[in-house]
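Please walk me through this structure, starting with how its helices pack and then turning to its aromatic rings.

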Amino acid sequence: MHLSPEIEERLAQLQEKYAAMGQDMPAYLDGLLYADFLTYWDYIHLDTLLSLQSPKTPFPDEEIFIIYHQITELYFKLMLHECKQITEAQPLTNHFFTARLQRINRYFEALTQSFEIMVDGMEKEQFLKFRMSLLPASGFQSGQYRMIEIYATDFINLVEKDKRAELRDSPIEDQFEHLYWKSGATELATGKKTLTLKQFEKKYGKTFIDLGKANTNHNFNALLQQLKYKGESNSELENELRQLDVNVNVNWPLSHYKSAVRYLQREPEEIKATGGTNWQKYLPPRFQKRIFYPSLWTEQDVENWGKGWVEKIVGSVQ
Ligand code: HEM
């Protein structure tokens with residue numbers, strides 16, 4: 001049989017590869033001979049993926065709710081994949097940093113734009129029934145969402161705004177006790193942690209603290225300051241960071257808030273949120289002023305954080 005030069009060249013390369021590792025090349029060629037051809041469905045584990053929806057009620061719209069949460073978590077996973085590459089890059093160039101931030105921003109924008117699937121895509125009557133079977137679980141318990149925040153900024157910027165000055169030099173363990181999201185899951189009447197929060201902290205508390213410590217000098221805000229110090233930051237990078245700040249701390253929270261208004265707002269009294277919390281005081285970005293990159297905004301930007309939009313969005317879904 002005639003072997004083309006291309007095949008001969010590949011065989012020689014393979015021989016070199018296997019010889020270097022002391023391996024028997026014909027055995028590997030047998031493996032190739034007997035192996036099945038790869039299929040699309042096996043490669044992406046499609047059957048497993050499609051078997052991961054287990055509604056707790058017979059309401060058809062619960063399936064939409066589950067799948068959209070799963071889609072969101074997959075996007076979060078993509079974001080964390082980029083976050084890790086940024087913090088681990090040696091050396092980190094502003095070019096690489098910017099390119100990876102652009103990816104994260106694209107993912108967040110896809111989520112913000114698609115949130116209408118939640119806002120308009122389920123029957124309110126079905127939602128209000130099936131949600132009662134899901135208590136005390138809440139999207140609040142998304143660990144990946146919080147990890148993205150811990151990659152994006154210094155831990156202190158995630159502390160509730162009235163405690164930031166006081167805790168600026170405190171250990172991360174102390175700052176952790178005052179992270180902004182604790183107030184989103186504290187019972188209004190008693191001031192006690194909700195079960196939603198207790199379970200969340202039990203599962204992820206240590207992971208968040210460890211990640212915060214590991215990222216002290218590698219979170220995006222710290223990396224920005226280091227590049228600035230070396231004179232290597234530029235406007236493209238800073239614009240991308242500003243965009244991330246707006247995507248995570250204003251745009252996504254607002255489209256999410258819109259769904260809470262659509263399903264949970266009822267005159268004269270609001271329908272209780274999962275943890276018995278006041279979601280109307282907690283969810284709108286203008287109250288908490290979560291800002292990842294304070295040095296990139298003017299005082300006026302900070303003053304107006306998340307304003308303007310809220311009235312528009314809430315007004316359109318009544
Ligand atoms: C109909 C759709 C939705 C409604 C009505 C809704 C409602 C709420 C409410 C009321 C809260 C406040 C905490 C609580 O009491 O549970 C919350 C928090 C949260 N939800 Fe949703 N949610 C919806 C969809 C989603 C989706 C699709 C995700 C994607 C993972 C998500 C992720 C979150 C996160 C990350 C928080 C915490 C936000 C923060 O701490 O600022 N939610 N949600």
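At what angle do helix α6 and helix α14 pack, and how far apart are their axes? In this predicted model, helix α6, which covers residues 94–114, packs against helix α14, residues 235–264, at an angle of about 20 degrees, and their axes lie 9 Å apart. Angles under 35 degrees count as roughly parallel, and α6 and α14 are therefore roughly parallel to each other. The crossing in which α6 passes α14 is left-handed.

On the side of α6, the residues that make this contact include Asn94, Phe97, Leu101, Ile104, Phe108 and Leu111, while α14 contributes, among others, Glu236, Leu237, Leu241, Leu244, Val248 and Trp252. Sorted by class, the contact of α6 with α14 consists of 10 nonpolar, 9 polar and 3 charged residues.

Two residues of this contact, Phe108 of α6 and Trp252 of α14, also belong to a cluster in which ring pairs link them with Tyr68, Phe76, Phe115 and Tyr145.

Turning to the aromatic rings in general, the structure holds 23 aromatic pairs. One of them is formed by Phe140 and Trp181, whose rings meet edge-to-face, with 6.0 Å from centre to centre and 80 degrees between the planes. This pair links distant parts of the chain, since Phe140 sits in the loop between α8 (124–130) and α9 (143–152), whereas Trp181 sits in the loop between α11 (172–176) and α12 (195–214), 41 residues apart. Are these two residues, Phe140 and Trp181, buried or exposed? Both Phe140 and Trp181 are buried.

Notes: Residues are numbered from 1 along each chain as its sequence is written. This is a predicted model: local features need pLDDT of at least 70, side-chain atom pairs count only at pLDDT 80 or more; totals for chains, interfaces and linings use all residues. Side-chain values use heavy atoms; hydrogens and water are left out. Axes are lines fitted to C-alpha atoms, for helices over the stretch in contact, and angles run from 0 to 180 degrees between N-to-C directions. Helices (H or I, at least four residues) and strands (E, at least two) are DSSP runs, numbered from the N terminus. Angles under 35 degrees count as roughly parallel, over 145 as roughly antiparallel, 65 to 115 as roughly perpendicular and the rest as oblique. A crossing is left-handed if the near helix is turned anticlockwise from the far one by less than a right angle, and right-handed if clockwise. Contact means heavy atoms within 4.5 Å. Ala, Val, Leu, Ile, Met, Phe, Trp, Tyr, Cys and Pro count as nonpolar, Asp, Glu, Lys and Arg as charged, and the others, Gly among them, as polar. Rings of Phe, Tyr and Trp (its six-membered ring) pair if their centres lie within 6.5 Å; planes under 30 degrees apart count as stacked, over 60 as edge-to-face and the rest as tilted. Buried means under 20% relative accessible area, exposed over 50%, partly exposed in between (1.4 Å probe, protein chains only).
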